[in-house]
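Load the model in your viewer and show it as a cartoon. This tour tells you what to select at each stop.

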Amino acid sequence: MAIAIPAPRVRVLGVEAFEQPVRLRMPFRFGVITLTESSQAIVRVRVRLGDGREGFGYAAEMLAAKWFDKNPLLSDAQNQHQLRKAVELASSAYLAAPPSTAFELFADNYRYQIRAGRELGLPPLAASYGNALLDRAVMDAVCRLVGASFWTAMRSNLAGMAAHPVIPDLGAFDFTTFLADLEPVRSIAARHTVGLVDPIVAADQRAGARVGDGLPETLEEVLAAYGQRCFKLKVGGDRSVDIERLVKIASVLDAVPEGLRVTLDGNEQYKDVEAVVDLWEAMEAEPALQKLCAATLFIEQPIKRQVALSRSVAALARHRPVIIDESDGEIEAFVRARALGYCGVSSKDCKGFYKSVINLARCRLWNAEGEGSFFLSGEDLTTQAGLAVQQDLALVALLGLADVERNGHHFIDGFAGRPEAEARAYLEAHPDLYQPNGGKPRLKIRDGRLDLDSLDCKAFGSAVVPDLST
């Protein structure tokens with residue numbers, strides 16, 4: 001049972017933003033970009049509670065290019081600058097806000113953030129990045145000040161979630177009872193991402209192309225090293241090319257003895273629902289893909305966001321459930337998607353943890369009404385070891401999800417770029433989540449799963465705070 005703690009009033013006194021360059025150990029191709037390097041944003045906020053106590057909270061997330069806004073006229077650097085502007089907008093609004101609960105701070109400023117972002121040319125998905133980072137940092141500060149874990153704080157409704165004009169579809173939904181009934185999972189299956197240029201077998205790597213750092217590189221090696229049974233497969237929008245690659249992937253995944261689970265991610269690469277139906281029917285007609293098709297749970301955002309919420313996807317949903325990801329720009333996007341035949345929506349910390357909790361409430365409400373089977377899926381934005389991955393894992397654990405996509409541990413070399421002392425501190429504080437590997441602390445995936453007990457610490461998922469001196 002959650003501890004009864006009144007939701008404190010919070011005032012944001014300061015916001016600092018930092019960046020850490022990150023070079024990937026392997027190229028990651030998804031959608032319209034092949035990622036080889038990026039930057040991680042880290043924010044530190046200082047808050048004061050209603051009783052006068054002051055403290056800091058932290059959050060971290062990749063400044064990911066060509067996901068929040070895929071406009072081909074914008075460079076990667078311009079995409080990253082959009083996200084910096086989103087953080088600036090949210091910082092100004094939160095610093096000017098009167099004392100309120102942590103949830104009211106988000107909800108009262110949400111419409112301003114979207115409107116101000118639009119005036120700067122930021123799509124809602126990019127504008128929301130600013131709130132997403134600051135809301136996590138504020139909640140982290142609150143947890144640290146009152147001495148409660150994120151799970152305890154949320155189940156006690158320490159955030160003060162309640163009916164609000166920003167979510168009119170939920171009416172007078174009882175968030176306090178809903179949150180108290182949540183049971184965070186203590187272990188979760190890690191769903192491995194197979195990018196569009198990932199080597200499947202050793203023969204796919206040309207001479208001299210191996211990274212050679214002791215970590216798995218091919219899909220075959222991933223299976224041997226981590227024992228995973230859940231996989232997310234990227235498709236690129238060309239049916240014949242996608243089928244050929246899926247057949248090669250299936251030649252490896254068919255060796256998974258039992259419990260194989262697969263999701264397909266289109267990353268908006270198909271122009272309309274008919275094209276995706278053609279892909280699925282071609283998959284079902286291919287003998288080599290029979291086991292893979294049977295193991296496929298859902299299809300994620302296959303259609304370009306410009307048209308994804310303009311037409312029904314019922315023709316595709318008859319084959320497999322369809323979820324939105326990039327189309328989940330505004331807080332009411334899942335409501336619109338539901339009317340068009342979508343059954344689910346992704347949870348990503350980069351879109352805001354309140355949005356995930358609100359969407360879970362919608363699923364519970366709609367499912368109780370008997371209008372379908374609605375669900376959340378846990379997806380990744382290449383979250384790096386440390387604060388970013390732990391806050392996202394704390395969220396999906398609270399949501400009670402069975403699995404979550406994890407790709408940061410595969411495409412990033414552990415704590416690459418972070419101070420060694422910080423990496424060691426994470427290893428010591430969270431030994432269930434990390435292990436020494438090749439002389440460095442790296443994410444620990446055993447039998448395809450991640451253990452999460454140590455996330456139940458007096459913070460938002462992390463007993464360690466990032467070293468900002470670098």
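Two strands count as paired if DSSP finds at least two bridges between them. Keep that in mind at each strand stop. One caution first: this is a predicted model.

**Stop 1: the three-stranded sheet**

Select β1, β2 and β3. They form an open sheet in that order, with antiparallel pairing. The edges are β1 (10-30) and β3 (54-62), each pairing on one side only. Direction ignored, neighbouring strands here are turned by 15° against each other on average.

Now keep β2 (residues 33-49) and β3. Nine bridges hold this antiparallel pair. Which residue of β3 is the bridge partner of R44? Pick Y58.

Next, add two helices. Helix α3 (residues 124-146) lies across β1, β2 and β3, and runs at about 140° to β3. Helix α14 (residues 387-399) also packs on the sheet, where it touches β2 and β3. The direction of α14 makes about 95° with that of β3.

**Stop 2: strand β4 and its partners**

Move to β4, residues 187-194. Is this strand mostly covered or mostly open? It is mostly covered: seven of its eight residues are buried.

Select the pairing strands one by one:

- β14 (residues 449-451) pairs with β4 in the antiparallel sense over three bridges. Label I188 and its bridge partner in β14, L450.
- β11 (residues 403-406) runs parallel to β4, joined by four bridges. Label R191 and its bridge partner in β11, E405.
- β5 (residues 230-234) pairs with β4 in the parallel sense, again over four bridges. Label T193, which stands opposite K232 in β5.

Then colour helix α6 (residues 219-226) along with β4 and β5. Together these elements make a right-handed β-α-β unit.

**Stop 3: D403**

Return to β11 and select D403, which is found in that strand. Why is D403 classed as buried? Its relative accessible area is 12%, and buried means under 20%.

Show side chains here. The side chain of D403 makes a polar contact with the side chain of R191, at 2.8 Å. R191 is also the residue of β4 whose bridge partner is E405 in β11.

Finish by selecting what D403 touches. Leaving out residues up to four places away in sequence, the set is I188, A189, R191, C230, R261 and G378. One of them, I188, you have already labelled as the bridge partner of L450.

Key: Residues numbered from 1 in each chain as written. Predicted model: local features only at pLDDT ≥ 70, side-chain atom pairs only at ≥ 80, totals over all residues. Heavy atoms only, no water. Buried < 20%, exposed > 50% of the residue type's maximum accessible area, 1.4 Å probe, protein only. Helix = DSSP H or I, 4+ residues; strand = E, 2+ residues; numbered from the N terminus. Right-handed = clockwise from strand over helix to strand, strands pointing away. Polar contact = N/O pair within 3.5 Å; in protein donor to acceptor, adjacent residues only side chain to side chain. Contact = heavy atoms within 4.5 Å. Axes fitted to C-alpha atoms, helices over the stretch in contact; angles between N-to-C directions.
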